[in-house]
Amino acid sequence: MLNRLAAAVALALALATPAFADTLVVTAARMVDVERGRYVDNPVVVVTDGRITAVGTAVPADLPADARRLDLPGLTLLPGLIDMHVHLASTPYVSGWNELDYADDFGTVLQVGHARANLMAGFTTVRNLGGPDFADVALRQAIDGGFVEGPRVIPAGASFGATGGHCDETGLPRSFARANPFNTDGVEAARHAVREVRKYGAQVIKVCATGGVFSRNTEPGQQQMTLAELTAVADEAHMWGLRVAAHAHGASGIRDAIRAGIDTIEHASLIDAEGIRLAVQHGTWLSMDIYNTDFTQEAGTQFGTTQDNLRKDREIGQLQRDNFRAAHRAGARMVFGSDAAIYPHGQNARQFAVMVEYGMTPAEAIRAATWNAAQALGRERDLGAIVTGRYGDLIAVSGDPLADVRMLETVPVVIKGGTVVRDAR
């Protein structure tokens with residue numbers, strides 16, 4: 001009886017005790033309005049329990065007494081950056097056949113450090129599009145649970161495509177019998193693969209519509225999934241409320257992926273005029289990783305990259321950049337995707353300058369990694385802008401990023417969900 005009475009009293013006290021919100025007030029010299037590509041001077045941003053609750057130019061009078069304060073004089077505030085294409089469990093320093101020298105779980109271990117490197121570089125959200133099966137799901141759970149430090153991870157779980165294609169285990173003799181268990185050969189197999197990877201935690205579906213650069217026995221321009229298979233993937237994923245990313249270098253694979261209703265086209269290296277026209281018509285997002293060829297060609301075979309993979313990279317590198325310019329001029333919708341792991345994690349922002357070199361304004365390049373990326377993810381209520389209701393994911397940089405986008409290559413202050421995770425001023 002006494003135990004029941006004590007429990008009732010404890011419950012009553014708990015209900016009567018007011019809940020104290022965690023509040024952070026951030027001030028800076030100016031803030032980038034990423035939607036409009038302009039500055040707001042002397043911003044004040046209030047983050048309460050992880051979400052932005054006020055944005056203005058004066059500190060609200062009704063702040064709680066225990067509100068934390070972060071003043072960033074001379075710095076420019078932006079929303080946390082979003083990289084739409086990373087591989088957290090891979091490193092450029094182990095490539096080609098050298099990967100066989102390492103245990104199966106080597107990449108799973110590496111991804112913890114890589115996640116932190118992305119976050120410290122100002123990328124508070126990343127979309128992971130390939131790696132050890134469902135390792136990225138485990139990483140997301142560990143980050144969300146506070147066990148390890150990293151960005152918000154949107155996991156693909158396991159990518160898949162045609163038997164013998166870019167997403168399969170290729171280049172080994174038959175006696176090894178290595179294969180992707182989610183290989184998609186036919187419409188029904190495509191639908192089943194979507195259901196299975198979603199079942200185990202995928203939050204985006206990643207398919208390989210064409211061959212690739214860093215696979216064996218495939219060519220980038222080679223289409224490897226049919227229009228019917230790609231349509232089945234898109235229809236099934238959309239029915240379950242998931243979006244689809246298609247690895248697609250080749251022109252025909254790009255066109256069919258767009259016709260199928262795929263949401264984002266990854267790489268899009270050899271996109272032709274018809275593909276650009278279709279992308280504009282359908283509103284399909286293009287994610288074109290136009291920096292990493294610099295690192296690949298400079299490193300050469302130093303870390304195990306094969307001569308054949310270097311050849312493929314040389315053949316499409318400049319074409320991809322020229323096609324980026326053409327797609328941008330035509331008004332195609334574009335997002336920031338670095339393919340980090342082809343070059344080191346944490347150096348993602350080096351791509352911004354190349355995007356500007358090939359036709360974007362700094363404001364457009366920044367928008368690709370914020371406002372546009374949030375739309376492509378279907379996360380406009382959470383990410384991509386410093387707006388009331390969205391997550392308190394903020395970064396601060398020196399200088400004028402709307403004049404020199406290279407300012408984003410060094411991010412001294414990173415805030416995720418109202419928590420200051422980096423302050424290197």
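Biologist: Where does I82 lie in this predicted model?

Modeller: I82 lies in strand β6, residues 81-86.

Biologist: What makes I82 count as buried?

Modeller: The relative accessibility of I82 is 1%. Buried means under 20%, so I82 counts as buried.

Biologist: Which residues is I82 in contact with, leaving aside its neighbours within four places in sequence?

Modeller: The contacts of I82 include F123, T125, F336, A369, T370 and L377. Contact requires heavy atoms within 4.5 Å. In addition, the C-alpha atoms of I82 and R367 are separated by 9.9 Å, although these residues are 285 places apart along the chain.

Biologist: Why is β6 described as largely enclosed by the rest of the structure?

Modeller: Six of the six residues of β6 are buried, so the description follows.

Biologist: How do you know that β6 and strand β7 pair?

Modeller: Pairing requires at least two bridges. Four bridges join β6 to β7 (residues 123-128), so the two strands pair, and they run parallel. Within this pairing, T125 is the bridge partner of I82. With helix α2 (residues 106-120), the strands β6 and β7 make a right-handed β-α-β unit.

Biologist: How do you know that R127 and E266 form a salt bridge?

Modeller: The closest N and O atoms of R127 and E266 are 2.8 Å apart. The cut-off is 4 Å, so the pair qualifies as a salt bridge. The pair links distant parts of the chain, with R127 in strand β7 and E266 in strand β12, 139 residues apart. R127 is buried at 3% relative accessibility, and E266 is buried at 0%.

Biologist: What does the salt bridge between R116 and E149 tie together?

Modeller: The closest N and O atoms of R116 and E149 are 2.9 Å apart. R116 lies in helix α2 and E149 in the loop between α3 and β8, so the pair ties together parts that are 33 residues apart in sequence. R116 has 41% relative accessibility and counts as partly exposed; E149, at 32%, also counts as partly exposed.

Biologist: Why is D263 said to have no salt bridge?

Modeller: The nearest side chain of opposite charge, R243, is 4.9 Å away from D263. A salt bridge requires a distance within 4 Å, so D263 and R243 do not form one. D263 is buried, and its place is in the loop between α6 and β12. A polar atom of the D263 side chain lies 2.7 Å from the backbone nitrogen of V244.

Biologist: What makes the phi values of N217 and A268 worth noting?

Modeller: Most residues other than glycine have a negative phi. Phi of N217 is near 70°, a positive value, and A268 has a positive phi of about 50°.

Biologist: Are N217 and A268 buried or exposed?

Modeller: N217 has a relative accessible area of 65%. Exposed means over 50%, so N217 is exposed. A268 has a relative accessible area of 0% and is therefore buried. N217 is found in the loop between β10 and α5, whereas A268 lies in the loop between β12 and α7.

Biologist: How many bridges join strand β3 to strand β4?

Modeller: Five bridges join β3 (residues 44-48) to β4 (residues 51-56), and the strands run antiparallel. They form a hairpin with two residues between them, and D49 in the turn has a positive phi of about 50°.

Key: Residues are numbered from 1 along each chain as its sequence is written. This is a predicted model: local features need pLDDT of at least 70, side-chain atom pairs count only at pLDDT 80 or more; totals for chains, interfaces and linings use all residues. Side-chain values use heavy atoms; hydrogens and water are left out. Buried means under 20% relative accessible area, exposed over 50%, partly exposed in between (1.4 Å probe, protein chains only). Lys and Arg count as positive and Asp and Glu as negative; His and the chain ends are not counted. A polar contact is a pair of N or O atoms within 3.5 Å; within protein, one must be able to donate a hydrogen and the other to accept it, and residues adjacent in sequence count only if both atoms are side-chain atoms. A crossover is right-handed if, with the strands pointing away from the viewer, the path from the first strand over the helix to the second runs clockwise.
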